[in-house]
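Hello,

Here is the structure we spoke about. Please open it first, then read the notes below it.

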Amino acid sequence: CTRGGLGTRMMGHQAHDVDTLLSCMVTDSASVDPVIFSAWVNGAQPREVARQREPALYASLFGSTPFDQLRSDLRHRWRSAQLLNLQECQEEFQVCEWMAPYLSQPQQFQTQLHFNLSVEQLRHLIAEYYTFDEDVMREFLGKTLNKTVLRELEDIAEQTKVSVGSVRRQFHNLKRILSHVEQQVAGEKEAAKVAGKAMTLTVLSMIDEVFMLPVELASQYMHVIFLSCNRIETFKSRLNVLDFKEINSLTGVVVALWGSDVSHDLDAGFVDAMRSAKEKITSKEVFAQYRKLALQSFRHLIEEHQLWQSSPVLSIQLREQATRQKMASVEQALGLVVRASAQIGAGLQEWREVRDLFIDVLDKILEPLHKLDMTLEQAVLLFQVLDKVLPQLVASIRGREARLSAQLTAVAAPPSPVSLPPWADAWRRCVEGIKMLVVTMYPRLFGRVA
């Protein structure tokens with residue numbers, strides 16, 4: 001666009017100065033060098049890229065002839081080629097700089113007239129611009145993106161061996177998407193409250209509509225935003241050994257099983273039901289019945305699949321003794337897993353408990369299982385039997401409640417429905433979620449494998 005004040009004379013008379021806006025539309029397809037664009041995104045400089053391109057350029061002009069064997073005119077030609085190469089890189093970088101405002105707000109590509117790009121080209125450029133280095137993003141997980149983190153960018157660049165420019169781009173990209181999601185979620189909540197309706201627009205849709213990111217990349221940003229908004233700790237208590245992929249996997253489990261599609265909050269219905277689940281599960285009679293059913297199921301599974309094969313040289317008496325010792329450890333592990341899982345699930349109503357979620361799984365579940373010398377296979381089996389016997393437990397509770405009701409009213413209660421009550425459904429989600437967290441964290445933090 002060109003702006004200017006044009007003083008004109010028409011028919012010998014002085015005309016007033018006017019501001020004129022000239023719009024320029026480019027109809028030719030835009031050509032963006034993918035290598036240079038990637039270098040620009042990663043914080044390189046034109047001169048660096050030009051030097052990287054020189055070997056291939058030299059070979060295309062002079063083959064394998066050494067420079068000191070070239071004639072003087074050919075040496076002059078090479079120096080001219082170097083200058084042209086540098087100039088081309090500088091011009092390509094300038095094009096990237098002109099595109100930067102549109103890449104920051106990708107929706108503006110739909111109304112601009114300067115870059116005639118196909119949908120495929122556009123999505124590729126946007127995806128490249130918002131792609132991040134996992135080691136860099138790992139440093140942002142669970143943190144508030146404030147001035148403190150901004151001042152740490154140079155240290156992060158040095159630590160991760162990534163250019164400061166690239167680290168800064170990744171920081172601002174994340175902050176931009178985070179701010180957009182927070183603002184839109186707040187607006188959607190207010191609109192839903194006024195209309196008396198539930199929110200329907202998902203966080204993934206909020207990201208896609210404005211930033212046009214691939215689904216996998218948008219999901220990763222959604223997980224990072226969830227960690228940041230809830231300030232979930234990812235560095236303390238040995239969690240710092242977990243890399244970005246592992247933290248992303250853990251967060252994906254929490255969001256999928258306990259979270260909300262339409263905000264960065266946990267599912268309020270799940271959290272409320274978990275309070276009832278904790279009261280029910282940890283009551284004396286129910287807890288004893290639950291542990292009994294789970295132990296029976298666990299023993300049946302290990303016998304059916306022959307999971308505990310003792311050495312054949314041992315006597316039957318010694319093998320039975322070894323099995324009893326293992327079952328004693330299993331019984332102890334079941335008790336701590338049930339109580340700890342109930343405490344973790346019910347505590348998610350408090351933001352401090354949400355913040356320390358991964359630490360609680362480590363301290364209250366993984367550490368005790370490790371001390372009991374439980375393998376990953378045995379730990380997973382514990383959670384599986386807790387889920388498997390849940391319908392039996394619910395049937396037992398309903399039967400006891402029906403008998404008590406009949407005694408009080410002298411009228412037989414109608415048959416209970418087959419479906420699980422809300423508290424049991426929430427408990428099943430809690431157990432499944434913690435089991436999946438254990439599958440990722442136990443091998444990595446304690447070296448426990450099947």
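**Helix H10 and its neighbours**

Glutamine 220 sits in helix H10, which spans residues 215-230. Please keep in mind that this is a predicted model. Is glutamine 220 buried or exposed? The residue is buried, because its relative accessible area is 15%, and the cut-off for buried is under 20%. Setting aside neighbours within four places in sequence, glutamine 220 is in contact with Phe132, Phe244 and Asn248.

Two of those partners lead to the next helix. Phe244 and Asn248 belong to H11 and take part in its contact with H10. Helix H11 covers residues 244-258. H10 and H11 pack at an angle of about 80 degrees, and their axes are 9 Å apart. That makes the two helices roughly perpendicular. On the H10 side, the contact is made by Gln220, Met222, His223, Val224, Phe226 and Leu227. On the H11 side, the residues are Phe244, Ile247, Asn248, Thr251, Gly252, Val254 and Val255. By class, this contact has eight nonpolar residues, five polar and no charged.

H10 also packs with helix H8, residues 164-195. Here the angle is about 75 degrees, with the axes 10 Å apart. H8 and H10 are therefore roughly perpendicular to each other. H8 brings Asn173, Leu174, Ile177, Leu178, Val181 and Glu182 to the contact. H10 brings Tyr221, Val224, Ile225, Ser228 and Cys229. Eight of the residues in this contact are nonpolar, two are polar and one is charged. Val224 of H10 appears in the contact with H8 and in the contact with H11.

**The nonpolar cores**

How many residues does the largest nonpolar core have? The count is 134. The residues with the most contacts inside this core are Phe140, Ile207, Leu213, Tyr221, Phe358, Trp427 and Met441. Helix H19 gives the most to the core, with 13 residues.

Leucine 213 is worth a look on screen. Not counting residues up to four places away in sequence, leucine 213 touches Ile126, Tyr130, Ile177, Ile207, Asp208, Ala218 and Tyr221. Among these, Ile177 of H8 and Tyr221 of H10 also belong to the contact between those two helices.

There is also a second, separate core of six residues. Its members include Phe62, Leu70, Leu74 and Trp78.

**Salt bridges**

The structure holds 14 salt bridges. Three of them follow.

Start with arginine 53 and glutamate 88. Their closest N and O atoms are 3.4 Å apart. Arginine 53 lies in helix H2 (residues 46-62) and glutamate 88 in helix H3 (residues 72-104), so the pair ties together parts that are 35 residues apart in sequence. Arginine 53 is partly exposed, with a relative accessible area of 23%. Glutamate 88 is partly exposed as well, at 38%.

Next come aspartate 356 and arginine 355. Their side chains meet in a salt bridge, 3.3 Å from N to O. Aspartate 356 counts as partly exposed, with 23% relative accessibility. Arginine 355 is also partly exposed, at 27%.

The third pair is lysine 435 and glutamate 432, with the closest N and O atoms 3.2 Å apart. Both residues lie in helix H19 (residues 422-446). They are three residues apart, about one turn of the helix. Lysine 435 is buried, with a relative accessible area of 15%. Glutamate 432 counts as partly exposed, at 28%. Elsewhere, salt bridges that share partners join Asp33, Arg53 and Glu88 into one network.

**A loop residue**

Where does glutamate 152 lie? The residue is in the loop between helix H6 (147-151) and helix H7 (153-160). At 29% relative accessibility, glutamate 152 counts as partly exposed. Glutamate 139 is 13 residues away along the chain, and the C-alpha atoms of the two glutamates are separated by 9.8 Å.

**The whole chain**

The protein chain comes to 19 helices and four strands. Of its 450 residues, 42% count as buried. Among contacts with a separation of 6 or more, 73% are between residues 24 or more positions apart.

Best wishes

How values were computed
Residues are numbered from 1 along each chain as its sequence is written. This is a predicted model: local features need pLDDT of at least 70, side-chain atom pairs count only at pLDDT 80 or more; totals for chains, interfaces and linings use all residues. Side-chain values use heavy atoms; hydrogens and water are left out. Buried means under 20% relative accessible area, exposed over 50%, partly exposed in between (1.4 Å probe, protein chains only). Contact means heavy atoms within 4.5 Å. Axes are lines fitted to C-alpha atoms, for helices over the stretch in contact, and angles run from 0 to 180 degrees between N-to-C directions. Angles under 35 degrees count as roughly parallel, over 145 as roughly antiparallel, 65 to 115 as roughly perpendicular and the rest as oblique. Ala, Val, Leu, Ile, Met, Phe, Trp, Tyr, Cys and Pro count as nonpolar, Asp, Glu, Lys and Arg as charged, and the others, Gly among them, as polar. A salt bridge is a side-chain nitrogen of Lys or Arg within 4 Å of a carboxyl oxygen of Asp or Glu. A nonpolar core is a set of buried Ala, Val, Leu, Ile, Met, Phe, Trp, Tyr and Cys residues joined through side-chain atoms within 4.5 Å.
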